[in-house]
Amino acid sequence: MAIAGDVDPRAGRIRRSPNLLSFEGYPLRASLSRALGRRVSLHNDANMAAWGAYAVELKRRVPDVLALTLGTGVGGGAVLGGRLLIGSTGTAAEFGHMRVKAGGYPCHCGARGCLEAHAGSYGLERTVKDLLAERPKARSRLRGAAFTPKDVSLAAERGDAVAREAWRRVGRALGVGVVNLAYAFNPSAVVFCGGLARAGRLYLDEVETAAGAESFRGPFGSLKVFAARRLDLGAVGAAVYALERDG
């Protein structure tokens with residue numbers, strides 16, 4: 001199982017998940033194992049997406065890979081030297097809670113300015129609403145309507161200036177995050193996964209611009225940043241990891 005949140009893989013529980021509050025502390029692994037009559041392995045979904053990116057998307061040719069999963073929130077995972085980075089409590093690589101903007105949007109975790117709050121789906125929604133307020137005379141198909149990230153993508157592709165600027169702002173937030181991660185981990189690749197990754201063409205230029213603007217080129221000279229082709233890397237990564245490491 002690939003689960004969003006602070007997962008304790010040893011105890012098989014979710015310690016904390018701002019987007020899955022009702023499951024916090026619940027013995028999910030044991031419950032599923034009883035219901036299915038099978039062994040169950042429980043891990044953070046972004047960690048499993050990172051393993052999927054390393055093992056499936058990149059076919060193990062790149063040993064140092066970071067993954068950023070863009071969905072309701074922003075998750076993170078790291079494979080370094082061909083090994084999944086788990087950390088002392090199983091909560092390594094919570095990249096979505098890096099601060100990318102002082103005093104920025106409130107995050108579901110309780111802090112402000114987290115990458116998730118600016119680049120997850122609810123961050124995108126806030127950005128669009130702020131832009132509509134900043135530009136009261138701007139014509140936009142998003143004004144006065146409920147919208148989803150898919151709607152913002154379609155509007156941007158059709159030339160909607162508000163939607164395009166919203167994705168650029170998402171890209172700038174991701175760019176700050178990627179620059180910080182490159183300095184910290186010196187990966188060969190950063191892979192965007194999850195639902196919002198499909199809109200890569202609308203924000204990747206901003207990420208690449210941020211990386212290209214750094215004067216210290218050591219971590220950036222050969223860094224590849226791209227959106228995953230597969231949309232199921234969390235599930236595929238979990239299956240491969242369970243078979244190879246937990247089986």
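The lining of the largest cavity in this structure divides into six nonpolar residues, four polar residues and no charged ones. The structure is a predicted model. This briefing covers that cavity, then the largest pocket, and then the packing of helix H6 (residues 161-185) against helix H7 (residues 200-212), helix H5 (residues 149-157) and helix H4 (residues 121-134).

**The largest cavity**

- The count comes to one cavity of 30 Å³ or more, and the largest cavity has a volume of about 60 Å³.
- Val7, Pro9, Leu42, His43, Asn44, Asn47, Met48, Leu84, Ile86 and Gly90 line the largest cavity.
- At least two residues of this lining come from strand S4 (43-44), and at least two come from H2.

**The largest pocket**

- The volume of the largest pocket is about 640 Å³.
- Its lining consists of 33 residues, and those nearest the centre of the pocket are Ala4, Gly5, Asp45, Thr69 and Gly75.
- Two helices, H2 (45-57) and H8 (233-246), and two strands, S5 (65-70) and S6 (74-80), each contribute at least two residues to the lining of the largest pocket.
- Sorted by class, the pocket lining holds 13 nonpolar, 13 polar and seven charged residues.
- Helix H2 supplies at least two residues to the lining of the largest pocket and at least two to the lining of the largest cavity.

**Helix H6 against helix H7**

- H6 and H7 pack with their axes 7 Å apart, at an angle of about 40 degrees; H6 is therefore oblique to H7.
- The crossing in which H6 passes H7 is right-handed.
- On the H6 side, the contact is made by Trp167, Arg168, Gly171, Arg172, Leu174, Gly175, Val178 and Val179.
- On the H7 side, the residues in contact are Leu202, Tyr203, Glu206, Val207, Ala210 and Ala211.
- The contact of H6 with H7 comprises nine nonpolar, two polar and three charged residues.

**Helix H6 against helix H5**

- The axes of H5 and H6 lie 7 Å apart, and the two helices pack at an angle of about 115 degrees.
- H5 and H6 cross in a left-handed manner.
- H5 makes this contact through Pro149, Val152, Ser153, Ala155, Ala156 and Glu157, while H6 does so through Ala163, Arg164 and Trp167.
- By class, six nonpolar, one polar and two charged residues form the contact of H5 with H6.

**Helix H6 against helix H4**

- The axes of H4 and H6 cross at roughly 130 degrees and come within 9 Å; H4 is therefore oblique to H6.
- H4 and H6 form a right-handed crossing.
- From H4, the residues Leu124, Thr127, Val128, Leu131, Leu132 and Glu134 meet Val162, Glu165, Ala166, Trp167, Arg169 and Val170 from H6.
- Eight nonpolar, one polar and three charged residues make up the contact of H4 with H6.

**A residue that recurs in H6**

- Trp167 of H6 takes part in the contact with H7, in the contact with H5 and in the contact with H4.

How values were computed
Residues numbered from 1 in each chain as written. Predicted model: local features only at pLDDT ≥ 70, side-chain atom pairs only at ≥ 80, totals over all residues. Heavy atoms only, no water. 1 Å grid on protein atoms, 1.4 Å probe; cavity = no way out; pocket = protein on both sides within 12 Å on 5 of 7 lines; lining within 4 Å. Points joined across faces, edges and corners; volume = space filled by probe spheres on them. Helix = DSSP H or I, 4+ residues; strand = E, 2+ residues; numbered from the N terminus. Nonpolar A, V, L, I, M, F, W, Y, C, P; charged D, E, K, R; others polar. Axes fitted to C-alpha atoms, helices over the stretch in contact; angles between N-to-C directions. Parallel < 35°, antiparallel > 145°, perpendicular 65-115°, else oblique. Left-handed = near helix turned anticlockwise from the far one by under 90°. Contact = heavy atoms within 4.5 Å.
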